Amino acid sequence: MKASLNWLKRLVDLTETPAEIASHLTAVGLEVEEWTAVNALPGVVVAEVRQCKKVEGTKLSQCVVWDGKQELPVVCGAPNVRAGLKVALATVGTTMPGGLEIKAAKIRGMESQGMLCADDELGLGTSHDGILELDASLPTGESFSKATGVADVVFEINVTPNRPDATGHLGLARELALRLGRPLKNPLDDVKLPAASGPAVTPVSVEAGAGCSRYVGRTIKGVKDGPSPAWMQNLLRTVGLRPISALVDITNFVLLEIGQPLHAFDLAKLRGGKVVVRGAKAGETLTLLDGRNLTLAAGDLVIADEVGPQCLGGVMGGADSGVSATTTDIFLETARFVPSTVRFLARRTQCASDSSYRFERGVDPFATRAVSDYATSLILSICGGASDEAQDLSSPDHPSAKSVVKLRHSRVASLLGMDVPAATAKSLLAGIGCREVGSDADSTTWELPGWRPDISGEADLVEEIARLVGYDNIPTSFPSFPVAAVRLPAKEKWTRRIRRAFASRGLSETLSLRLVAQADQDRLQLPESDPRAKLVQLVNPLSDETACLPRLAVANLLKAAARNARRQERSVRLFECGKVFGRDLHETFEEHRKTGIGEANRLAGLVTGPWADRPWTGSEAESDLWKAKGVLEGALSELGLSPVFVQDAAEPFLHPGRQAQVRSSGRNLGFFGELHPAVQEGLGLKFPIHVWELDLDAIVALLDGAKPAQSVRIGEFPGTHREINAVIERTRAASDVVDAVKAFPEAANELVEAVKLVSVYEGAGVPEGRKAVLVRVSYRSPDRTPTDTEVNALQDGIRQKLASIPGVTLK
Amino acid sequence: MNPLDEVRSSWASLASEINAADETKLVELRSRFLGKKGEIPGLMRHLGSLSADEKPVYGAAVQALRQEVESTLDRLQEQLRSAALKARLESERLDLTLPGDRSEAGTLHPLVALRDEILDLFTGMGFEIADAPEIDTEWFNFSALNVADDHPARDMQDTFFLSRERGEDSLVLRTHTSNYQPHAMRDRKPPFRLLSCGQVYRCDSDATHSPVFTQVEGLVLDKGISFSHLKATIYTMVRALYGEGAVLRFRPSFFPFTEPSAEMDVDCRSVGLDRDGWMEIGGCGMVHPNVLTNSGVDPEEFQGFAFGFGLDRMAMLRHGIKDIGLLTAGDMRFLRQFKGLA
């Protein structure tokens, strides 16, 4: 909302600086975002033309102008310049609003020191028919803007949706009057209308349930539309409105002063000479004032004549029935439309207007008639004419009486933590328009002003008192609470440790935008049958790029890798603890089981590009699968998990021979592997990429359920070891051999200290297509030195067991 | 010349050779003079041919020679060893200005690190951390929080919808973390102090706004909780984050879920920013009685306050980040800058 200081001064006496007024408004909750001085016009003064001589053969006049201190020669081309005229003189050195700088000049050999201004040159209008003719009573030599009152300050106020009263200058002035302890000059209070010309002449009907709760209509005949008075034009211009004609300007003026929209119809254009407030029939059409053609839906609130809609109720008038230069008789509408009806209409038709903005927030339901009277009095005094008897119709849903709220004094103290004397509270509430209608020892009952529909309960009155007392004046104090040992929830605690484990291994944490494109997911080339292929879509996305919710966290990391590559950053090491969403996820929150779309937490990582531990040797070491796997294994085991990689995963976007399911304590946590070369190339990436995506919720559950690490007895006696070299198919997992050794019943023997993979070898000495897996078994006891006999017996058992496994031969 | 004198003179004649001996020569000399069959042990063979008076004198002389030879050879050997060590150490010199083998440390995300700090701050003040879904129903996101369907306040928060139909059960991406309030009140009984932090979604985007951003929100519910308590809590938090000199302003505002409502501004200079004026950091207020009633809490028995603020801008100010898009771009050059957040 733009507010003019001059306008506010009509309603309350103000001597404060703009900065002080801005801070008063902000302090009561009407935040002034900025304020700007307008029309200061430095250098332009009120002057008097003392002599004026037409120059033969030109349009020019040679004048002598008195600026209060000296007589100046000025050459002027305006037809209306004449001796004795009071004019606006732009003195030498002045920069005009259009950027023109006034200099001393010689025009056709005649000296000219200054310019007599037309209103367009001053930025005050569009007319260039001649120079401004000022009121003869203005003091010569005075600054033009000061003398004429065009100098103004405009405040940009952020009006919260609960304050419809503050969408008019009157509401702002009311707050200032209360805060500064001055009387409010309410223009609605003393409206004097001449006697009505006669009974109402335009029949009006309001259809129940159409969305209009009160309608005041008036027919004013014999008006003469022309420019509105300069003072009104100045005020409208200050707040950003272009003056159009007196009738239009008056309705805008009342809207901006009171906050109540009005509409003036050209009576001659209302077919059948009647007004019907009703719901539209489906398919009816209406051309709005801004030229848009609407096809209406059944029930859309319209103001119609006998034939069809002429106005979209509360939103915008129709082009056909608006006032124009030829208008002589008007029908003036002042109404209260139901906020939700207007809100719906404005949204659906995308026709938000100054009117709909105010109706949506709620105009004063008890001021409709008073505003109509006020607007009528302005029209009669500016445009002439005569008004008939007002018709004032209310629908059954119109509020019949102002609301009443009981305020307990104890509640004020309890909610604010501050004693506000009852008398102070009463005077503050009276100041915003509340009327005391009853009281007892503990409470006061208040009738609420119609312009504050946001106040509906006791807490609202407490808020009014608090904001008027000033939040800064409320003391601070600490609540008392029982001592409590508060810990971070498991998810927070473990996620932090997880994040540190990955960060300490050289990865950077990232945070992906949780709105993605379906195309991002499509790059993973998932088959249609995969429930993850189709992302959850937003109904009203901002763009295709952000139209969906991510289902796989690695898709986001891959996008980041591609972005990094485009910026010549090949070395990318990222991890993220983030959320994914999908119709196949239902676990995190109870609600999701009902709604069908769930969210889950994921731990994802990506490693690609150079990763040299000793870069100065000149070798461009690339990170490879082992580097990436080492990061993942290292981080998980640092946390206390024992991850197992099972090579039977089948993610279509990963290399079929280089991917594994990551398991721990029998739970599948997710996948790890190398990106499928086809997917990698599809992303425009030239080098292998290794990724993982694990179920963070499952990891947290495992970690949180784990016992603290337990100590086992260690001894002083020396141990010994034996090795087994098993030859298996190249495609077979080396872990099969290790697991078989570990699983050998006797291996659970207290003598076995560790089973360790020593090497995997392919080449000379090993048959083609096979590999040798060397496993070392360490034997040790805390109590004694194992004997060769018992160690050999155990080792033989293990060898026999291994040798009996199909496909395993021992070397 | 007796054998003793012979050995002595042969030892003495070798003096220059001995002093120049290398390791091998020393071993050879030690064997020649001191070995089992060496010259000095060989002198003892003559002991039997001497008289009882001569024996001790002869023995002592042999012993003296043995000691002289031994200590000379030991000394020379020690000199050689130390020279060899010195040479080795010199040859092993490394250029320690070269970087060591290290797996370069990674970094934590500045926004997540700030979140950690805020969570720690509030758990320290006795707040429990609560969580709520990001996909939620209109009831939890709006209605339960006293945002009526036809209220213009719903325009304040342009909402992403997941369901085409509108209704209490239809799905939206939460527009604020406040949706955890009704979840929390349904799941537990007051009194409590709760904090929730997470991503929220709004249907608008420009240079300073991202459609997805991070909010933190607190809720305190007990008997007799007042606006005065709210102010003290917010002051404590702001001063913990920005220092004791932080100047805070509470400005009346409007949120459907609080009454009275306030916006919190900090004085820019007081928090180290190089500009005048106030900067809005968040909103707060006393929980609206309708919000309590909607979640089954009696507003006559319990009252409380709630507050919320955005973390993105706070993190941007802290680290001098100019473009909000960088926070979610995954750009390594950006992320690698945030050392020392762990």
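A charge sits over a ring if NZ of Lys or CZ of Arg is within 6 Å of the ring centre and within 35 degrees of the ring normal. Keep that one handy for the first exercise.

A word on the model: it is predicted, so local features need pLDDT of at least 70 and side-chain atom pairs pLDDT 80 or more, while totals for chains, interfaces and linings use all residues. Residues count from 1 along each chain as its sequence is written, chains are lettered from A and ligands numbered from 1 in the order written, and side-chain values use heavy atoms, with hydrogens and water left out.

**Exercise 1. Charges over rings**

Task: Find which ring lies under the charged end of Arg193(B), and which under that of Arg570(A).

Solution:
- Step 1. Start with Arg193(B): its charged end sits over the ring of Phe481(A), 3.8 Å from the ring centre.
- Step 2. Now take Arg570(A), whose charged end sits over Phe687(A), at 3.5 Å from the centre of that ring.

**Exercise 2. Rings with rings**

Task: Classify the pair formed by Trp139(B) and Phe140(B), then say how buried each residue is.

Solution:
- Step 1. Get the rule straight: rings of Phe, Tyr and Trp (its six-membered ring) pair if their centres lie within 6.5 Å, and planes under 30 degrees apart count as stacked, over 60 as edge-to-face and the rest as tilted.
- Step 2. Searching the whole structure gives 22 aromatic pairs over all chains.
- Step 3. For Trp139(B) and Phe140(B), the centres are 5.1 Å apart and the planes stand at 85°, so this pair is edge-to-face.
- Step 4. For burial, the cut-offs are under 20% relative accessible area for buried, over 50% for exposed, and partly exposed in between (1.4 Å probe, protein chains only).
- Step 5. Trp139(B) comes out partly exposed at 28%, whereas Phe140(B) is buried at 8%.
- Step 6. For a further look at ring pairs, go to chain A: they link Phe502(A), Phe575(A), Phe645(A), Phe672(A) and Trp692(A) into a cluster.

**Exercise 3. Two crossing helices**

Task: Describe how α2(A) and α4(A) cross, and list the residues that make the contact.

Solution:
- Step 1. Helices (H or I, at least four residues) and strands (E, at least two) are DSSP runs, numbered from the N terminus. Here the helices are α2 (residues 18-27) and α4 (residues 169-180) of chain A.
- Step 2. Axes are lines fitted to C-alpha atoms, for helices over the stretch in contact, with angles from 0 to 180 degrees between N-to-C directions. The two axes come within 10 Å and cross at roughly 95°.
- Step 3. Angles under 35 degrees count as roughly parallel, over 145 as roughly antiparallel, 65 to 115 as roughly perpendicular and the rest as oblique. So α2(A) and α4(A) are roughly perpendicular to each other.
- Step 4. With contact meaning heavy atoms within 4.5 Å, α2(A) brings Ile21(A), His24(A), Leu25(A) and Ala27(A), and α4(A) brings Leu172(A), Leu176(A), Arg179(A) and Leu180(A).
- Step 5. Sort them with Ala, Val, Leu, Ile, Met, Phe, Trp, Tyr, Cys and Pro as nonpolar, Asp, Glu, Lys and Arg as charged, and the others, Gly among them, as polar. You get six nonpolar, one polar and one charged.
- Step 6. Among the buried residues of α2(A) are Pro18(A), Ala22(A) and Thr26(A). Their cover includes β6 (248-252) of chain B, as well as α1 (5-11), β2 (31-38), β10 (152-158) and α4 of chain A.
- Step 7. After α2(A) comes Gly29(A), with a positive phi near 100°.

**Exercise 4. An enclosed helix**

Task: How many of the eight residues of α8(A) are buried, and which are they?

Solution:
- Step 1. In α8 (residues 354-361) of chain A, six of the eight residues are buried, so the helix is largely enclosed by the rest of the structure.
- Step 2. They are Ser355(A), Ser356(A), Arg358(A), Phe359(A), Glu360(A) and Arg361(A).
- Step 3. Just past the helix, Gly362(A) has a positive phi of about 105°.

**Exercise 5. Backbone oddities**

Task: Locate the cis peptide bond from Pro190(B) to Pro191(B) and the one joining Glu259(B) and Pro260(B), then place Ser665(A).

Solution:
- Step 1. From Pro190(B) to Pro191(B), omega is near 5°, and Pro191(B) is in the loop between α9 (180-187) and β4 (192-201) of chain B.
- Step 2. Between Glu259(B) and Pro260(B), omega is about -5°; Pro260(B) lies in strand β7 (residues 258-267) of chain B.
- Step 3. Ser665(A) isn't a glycine, yet its phi is positive, about 45°. Look for Ser665(A) in the loop between β32 (654-664) and β33 (667-675) of chain A, where Ser665(A) counts as exposed at 63% relative accessibility.
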